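Subject: Structure handover

Hello,

Here is the structure I said I would pass on. Please look it over first; my notes on what was found in it follow below.

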Amino acid sequence: DQVAAIVPALKEFAASNGVFLVKLESEILVSEKADKTLRSAGLIKVDNVQPISSTVMLDLTPDIDTIMANMPQKGRYAIRRAARDGVTVAEAPLTEENMRTMYKLLGATGDDAGFMIRTYDYYVSFWNEYANRDQGKMFFAYVDGEVVAGAYTGWMGFKAWYKDGGSIRTQKRLPAPHLMQWTIMRDLKAEGFEAYDLGNVPDPENITAGAMEGLWHFKTGFNSTVDTYMPAFEYPLNSKQKLWNKFETKFLGLYSRLRKDYWY
């Protein structure tokens, strides 16, 4: 209802600033009521900007022992095994060396999972911008002094989210990322955050084999409940929007291939 209520002002603002396309991609959970309300406001359902609209959310409001107890058994086991096998986790300052290391971890994970990552400059800009505003931190997991996994966590208000992450693929059998995420959760809990969004997972109704299935098993090890958000919506403004929608997929694909980056 709140999203629907801002549509008239949004339309007026867009039109007065030469905007021809407005996309809304919210964190409203999927429901028939939400769909009906948004459509009645004049919004049109379109393809998502984000490739995946399901996520795993952790409630950080209980005490830390209860948070651990609420996890599925596979997650608790992985955390304890990593600690037993000598994995250590620490915050990583945003030095050039650490950011290069993190980018290599992202690249290795992207190659393994079959997805493209953004440019190094994009990540450096993002990581530093959030860190400088005290809204982000980087963490590394180590084994015998060697970095085997990394994660960047950002936050706004009382909610934090898992923004970027990667690990050395030769360490697949070592659950270092589990202990790293648990350490991040403890850190966020201590700082007063109420929720931690672990980010995208496949649709519960369409889990495919391969890397995405591995992502599913990893994140649902912390919470078996998956939240699925409403898809993207657009507000029709003028004829340029129809032209964009007709060629959007081809344009974005060409842009990604030529620039080795994403438009959105």
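A residue counts as buried when its relative accessible area is under 20%, and as exposed when that area is over 50%. Please keep in mind that this is a predicted model.

His178 is a convenient place to begin. This residue lies in helix α7. Is His178 buried or exposed? Its relative accessibility is 15%, so His178 counts as buried. Leaving aside neighbours within four places in sequence, the contacts of His178 are Ala78, Ile79, Phe218 and Phe222.

Two of those contacts lead to a helix pair. Ala78 and Ile79 belong to α4, and together with Ala82 and Ala83 they meet Ala176, His178, Leu179 and Trp182 of α7. By class, this contact of α4 with α7 has seven nonpolar residues, one polar residue and no charged ones. As for geometry, two packed helices are described by the angle between their axes and the distance between the axes. Here the axes of α4 (residues 73-84) and α7 (residues 176-190) come within 8 Å and cross at roughly 105°. That angle makes α4 roughly perpendicular to α7.

The sheet

Strands of a sheet pair through backbone hydrogen bonds, in either a parallel or an antiparallel way. In this model, seven strands form an open sheet with mixed pairing, and their order is β4-β5-β6-β7-β8-β3-β9. The edges are held by β4 (88-91) and β9 (227-228); each has a single partner strand, so one side of each is left without a neighbour in the sheet.

Going in from the β4 edge, β4 and β5 pair in the antiparallel sense over four bridges. Val89 has Ala141 in β5 as its bridge partner. β5 and β6 also pair in the antiparallel sense, over eight bridges, and here Phe139 is matched with Ala151 in β6. Seven of the eight residues of β5 are buried, so this strand is largely enclosed by the rest of the structure.

Further along, β7 (residues 159-167) and β8 (residues 195-201) run parallel and are joined by three bridges. Ala160 has Tyr196 in β8 as its bridge partner, and Trp161 stands opposite Asp197 in β8. On the other side of the pairing list, five bridges join β8 to β3, and these two strands run antiparallel. Leu58 stands opposite Tyr196 in β8. β8 is mostly covered, with six of its seven residues buried.

Two helices pack on these strands. α6 (residues 120-132) lies across β5 (136-143), β6 (146-156) and β7, and runs at about 145° to β7. α7 packs on the sheet too, touching β3 (54-59), β4, β5, β6, β7 and β8, and its direction makes about 35° with that of β6.

The nonpolar cores

Which residues touch the most other members of the largest nonpolar core? They are Met185 and Tyr196, in a core of 34 residues. Helix α7 gives the largest share of this core, seven residues. Tyr196 has a long contact list once its neighbours within four places in sequence are left aside: Val56, Met57, Leu58, Leu60, Thr153, Ala160, Trp161, Tyr162, Gln181, Ile184, Met185 and Leu188. Apart from this core lies another one, of 16 residues, including Leu105, Leu106, Phe126 and Val147.

Two backbone points

Most residues other than glycine have a negative phi, and most peptide bonds are trans. Two aspartates are worth a look in that light.

Asp134 has a positive phi of about 55° although it is not a glycine. Asp134 lies in the loop between α6 and β5 and is exposed, with a relative accessible area of 57%.

Asp144 likewise has a positive phi of about 55° without being a glycine. Where is Asp144? Its place is in the loop between β5 and β6. These strands form a hairpin with two residues between them. At 79% relative accessibility, Asp144 counts as exposed.

If you want a route through the model, I would start at His178 in α7, then go to Tyr196 and Met185 in the largest nonpolar core, and finish at Asp144 in the hairpin of β5 and β6.

Regards

Definitions and conventions
Residues are numbered from 1 along each chain as its sequence is written. This is a predicted model: local features need pLDDT of at least 70, side-chain atom pairs count only at pLDDT 80 or more; totals for chains, interfaces and linings use all residues. Side-chain values use heavy atoms; hydrogens and water are left out. Axes are lines fitted to C-alpha atoms, for helices over the stretch in contact, and angles run from 0 to 180 degrees between N-to-C directions. Angles under 35 degrees count as roughly parallel, over 145 as roughly antiparallel, 65 to 115 as roughly perpendicular and the rest as oblique. Contact means heavy atoms within 4.5 Å. Ala, Val, Leu, Ile, Met, Phe, Trp, Tyr, Cys and Pro count as nonpolar, Asp, Glu, Lys and Arg as charged, and the others, Gly among them, as polar. A nonpolar core is a set of buried Ala, Val, Leu, Ile, Met, Phe, Trp, Tyr and Cys residues joined through side-chain atoms within 4.5 Å. Buried means under 20% relative accessible area, exposed over 50%, partly exposed in between (1.4 Å probe, protein chains only). Two strands pair if DSSP finds at least two bridges between them.
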